[in-house]
Protein chains: 2
Amino acid sequence: MAQQTAISPTRAQDFPEWYQQVIKAADLAENSEVRGCMVIKPWGYAIWELIQQELDGRFKATGHTNAYFPLLIPVSYLEKEAEHAEGFATECAVVTHHRLEAQKDEVTGKTKMIPAGELTEKYVIRPTSETVIGAAFARWTSSYRDLPLKVNQWCNVMRWEMRTRLFLRTAEFLWQEGHTAHETQEEALEETHTMHKVYEDFQRDVLAIPSIPGEKTEAERFPGAIQTFTVEAMVQDRKAIQAGTSHFLGQNFAKAQDISFAGRDNTQQHAWTTSWGVSTRMIGALIMMHSDDDGLVCPPRVAPKQIVIIPVTPKEDTKQAVINHAQALADKLSAIRFHGQPIRVQVDTRDIGGGVKKWEWVKKGVPVRIEIGPRDLEKGSLCIARRDQPSNEKAFIAEDEFVANAEVLLQEIQDTLLKRARDFRDAHIRTASTMQELEDNFSGEGEADWLLVPWEASPEQEEELAKRLRISIRCIPCGEMGQGDSAPCILTGKPTTQRVLWARSY
Amino acid sequence: MAQQTAISPTRAQDFPEWYQQVIKAADLAENSEVRGCMVIKPWGYAIWELIQQELDGRFKATGHTNAYFPLLIPVSYLEKEAEHAEGFATECAVVTHHRLEAQKDEVTGKTKMIPAGELTEKYVIRPTSETVIGAAFARWTSSYRDLPLKVNQWCNVMRWEMRTRLFLRTAEFLWQEGHTAHETQEEALEETHTMHKVYEDFQRDVLAIPSIPGEKTEAERFPGAIQTFTVEAMVQDRKAIQAGTSHFLGQNFAKAQDISFAGRDNTQQHAWTTSWGVSTRMIGALIMMHSDDDGLVCPPRVAPKQIVIIPVTPKEDTKQAVINHAQALADKLSAIRFHGQPIRVQVDTRDIGGGVKKWEWVKKGVPVRIEIGPRDLEKGSLCIARRDQPSNEKAFIAEDEFVANAEVLLQEIQDTLLKRARDFRDAHIRTASTMQELEDNFSGEGEADWLLVPWEASPEQEEELAKRLRISIRCIPCGEMGQGDSAPCILTGKPTTQRVLWARSY
């Protein structure tokens with residue numbers, strides 16, 4: 001008989017539906033009645049807050065400051081950078097009026113609100129802010145002494161997606177977008193690489209996501225960019241999720257918007273700009289990366305609660321003693337720091353059944369659950385369950401030992417999740433040297449490994465192949481993975497040392 | 001001869017223009033090319049981050065969690081609560097299309113982007129989120145066990161204001177909006193009062209703004225609310241700024257949106273809801289409250305930098321020693337905590353003139369400036385200037401003594417600003433008992449004290465008077481101030497114990 005699981009269907013049965021059910025069971029988010037827009041519920045938003053806090057520290061440590069720019073972008077701004085405009089024109093929310101007027105429907109007698117006050121200049125809700133921030137940079141830059149400009153904003157953006165999926169693809173999403181302007185190409189390139197690395201490090205160390213860093217091919221670049229760098233995560237159905245990008249924009253936007261300055265040699269020059277961003281999409285990657293058939297598995301560093309203590313109170317006469325003891329234990333644990341922050345502990349004293357309670361925290365992905373009852377008090381022991389281990393495994397451990405070891409235990413869980421994800425990834429990236437291997441790998445609808453192949457073909461050839469097999473080049477990996485001995489491109493046969501990663505993706 | 005000031009005009013010469021110039025001199029924000037929308041620059045945004053951090057802690061301590069709800073509100077949602085819809089209909093940005101199409105202008109030959117893909121259901125960008133959050137609350141509530149719901153969101157909102165002023169009134173602004181639903185009227189009222197108190201305490205203790213807490217009259221209430229509580233700040237031109245509101249919504253929104261539940265007695269009941277918010281407007285109040293003719297004066301608790309150290313390096317041979325010493329001092333100060341956070345110190349080693357440098361920090365409102373030169377190193381002393389004192393005052397103090405006393409000094413500056421603001425406020429609130437006194441007080445265009453008067457008249461009478469004298473009832477103050485012996489209403493002569501505050505306002 002199959003083991004019962006908290007989530008139905010299981011990953012093996014129906015991965016996409018399993019994903020939706022994990023989100024529901026962990027109470028992370030839900031679809032709203034507003035087309036394509038989600039409600040991020042408290043447990044999901046708490047994960048986002050932890051992500052923000054950690055990333056924000058890394059942005060500030062690399063010399064950036066936060067600022068805030070307008071939500072609305074005049075359509076005329078978009079017209080300035082043609083490639084960029086084209087890239088976003090098909091999916092933006094357009095503001096055309098600035099008030100509503102009550103109008104009585106003559107048939108039904110009901111009052112309806114009708115758009116009124118048509119605007120001469122139309123606006124789109126920002127799909128990204130290169131244009132509006134570029135306009136500010138143009139105002140702020142007159143001499144090389146004004147550079148570099150290094151700002152970031154945390155905000156909402158909107159892209160009118162037709163097919164949406166919670167966290168991974170929503171019409172509105174939350175993100176951060178960094179924008180910088182530099183005196184020289186070298187500095188701008190260095191910035192692009194620095195932030196690419198910040199994303200890779202953050203995802204590995206905090207989200208336990210071992211993403212593959214690499215560069216996008218021309219066909220996959222951000223509209224208007226010279227180079228786009230990406231971090232690509234392999235989730236459990238072996239699909240790729242683009243989890244963050246860093247763009248070297250060259251002088252494209254600077255020329256379109258006249259971000260110019262008097263240089264050291266007194267000539268008038270255009271600045272070199274970059275932009276980089278990650279979004280709530282990362283939460284989707286996080287869920288698909290670690291969770292199991294019992295629900296969310298949350299790496300300790302982004303778990304809203306890292307330890308939950310469930311007092312087991314079978315008898316009325318010992319109940320208060322158990323609860324008091326649980327609270328005292330929570331206080332001890334909260335006094336310990338994990339990565340500089342007090343361990344996040346909750347004592348769950350709600351008056352509901354112990355089984356229901358336990359499963360709620362399993363489904364919410366809390367890394368460590370502690371059960372403590374009257375007999376544990378006597379023995380000075382605790383019953384511990386780790387979320388990275390099967391849900392029926394328990395360990396009994398002396399309370400003092402547990403407290404002394406709590407920080408190490410959390411890091412151990414964090415490391416276990418990363419190792420598991422890395423092993424999975426490494427087991428499912430293979431090399432291929434012929435088109436036949438590629439065709440075989442991606443035939444059918446099922447899950448497929450990522451293939452690393454010699455590649456030297458045109459964007460048109462890439463797009464044609466991508467379309468035919470419903471796959472894409474995720475990146476030209478950084479470092480050794482993206483390079484090899486000279487070998488024939490699997491499509492054109494041209495000799496090349498370049499390697500690219502083909503995969504299915506979200 | 002008049003003393004020279006860093007800001008021109010001075011407060012006395014032209015208060016509104018002085019305000020704009022302070023913002024410019026401190027580099028806090030600027031108007032963008034997007035109608036009515038501002039760019040919040042790094043120094044201004046850093047103040048907002050400190051405000052957020054402090055308030056967020058207070059919201060969580062009072063049992064709230066953060067979440068995120070859609071930016072767009074279907075027009076049909078607004079139609080449900082008539083009074084609310086009417087209150088916001090005249091100033092909302094309406095989204096009517098979901099893409100842009102390139103169209104070649106036949107005359108000019110230029111390509112223009114035209115709205116396309118008209119939406120069947122139109123949306124407004126949220127002016128506030130009662131309706132969209134209410135719809136979520138309706139989904140989440142089926143039993144009394146689901147209550148209370150206590151959520152908050154930090155986000156942007158948009159109200160299409162015709163006349164804007166940086167921070168104080170902008171089309172888009174940043175805010176937090178708390179929304180709660182309760183089982184009983186008592187609980188909802190208690191929540192409304194709790195959050196009103198959170199705002200009052202926060203403004204007094206953190207922003208050094210001694211606002212007057214009170215209740216709005218019917219004419220001034222939030223559209224759809226049963227009761228609106230406000231905190232009213234008196235700034236230096238004696239105008240009032242509504243700096244935060246907390247609304248008891250009764251069952252109005254719950255009925256319009258069917259937020260209902262099975263009660264303890266098994267009957268179906270409507271929830272009781274509240275909402276409460278403060279915005280970037282508070283930064284406007286902060287600026288007008290404390291700043292002087294030399295620029296921003298920032299209370300230490302929300303100063304992005306609390307202490308700036310300026311190394312004075314007249315000679316090349318001692319330069320590095322002075323800079324090293326300044327950095328060592330900064331490290332000592334950063335190790336001290338002020339209200340639980342490391343003191344925020346900056347060493348300014350930029351290669352620009354000392355005078356320019358000094359005035360930059362004066363204009364930015366940094367609470368304490370330290371100058372340190374070669375002779376100070378020898379003597380072990382520092383030259384200290386406090387922003388709450390005239391800009392030409394300096395004190396020489398032993399370095400050890402300064403370090404030992406730094407935390408106390410910052411609190412002293414914080415307290416001085418609060419006391420100054422409170423003294424000013426108390427000197428400019430007077431009582432009046434006749435219409436003649438009121439008319440005299442508010443005649444002409446000049447600055448005017450706030451008047452506390454017996455009041456018992458209709459909303460129509462209030463509105464007529466407000467319109468005629470361009471004033472408004474700011475609130476019925478909480479506590480003793482809002483009550484008195486029975487006296488005739490200054491307008492109607494009806495005997496009343498109620499007192500209201502009339503003032504000019506932003």
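Visitor: Which strands of chain A and chain B pair, and in which sense?

Guide: Two strands pair if DSSP finds at least two bridges between them, strands being DSSP runs (E, at least two residues) numbered from the N terminus. In this predicted model, strand β5 (residues 94–104) of chain A and strand β5 (residues 94–104) of chain B pair in the antiparallel sense over 3 bridges. H97(A) stands opposite V94(B) in β5(B).

Visitor: What turn lays chain B on chain A?

Guide: Copies are superposed by least squares on C-alpha atoms of residues with pLDDT of at least 70 in both. Here a turn of 180 degrees, with a shift of 0.0 Å along the axis, gives an RMSD of 0.0 Å. The two copies are therefore related as by a two-fold rotation axis. The C-alpha of V95(B) is the one in chain B nearest the axis, 2.2 Å from it.

Visitor: How many residues of each chain are in contact?

Guide: Contact means heavy atoms within 4.5 Å. By that rule, 63 residues of chain B touch 63 residues of chain A.

Visitor: How many salt bridges are there between chain B and chain A?

Guide: A salt bridge puts a side-chain nitrogen of Lys or Arg within 4 Å of a carboxyl oxygen of Asp or Glu. The count is 6, including E30(A) with R139(B), whose closest N and O atoms are 2.7 Å apart. Strand β6 (residues 111–125) of chain B gives the largest share of the side touching chain A, 9 residues.

Visitor: Which conventions apply?

Guide: Residues are numbered from 1 along each chain as its sequence is written, and chains are lettered from A in the order written. Local features need pLDDT of at least 70, side-chain atom pairs count only at pLDDT 80 or more, totals for chains, interfaces and linings use all residues, and side-chain values use heavy atoms, without hydrogens and water.

Definitions and conventions: Helices (H or I, at least four residues) and strands (E, at least two) are DSSP runs, numbered from the N terminus.
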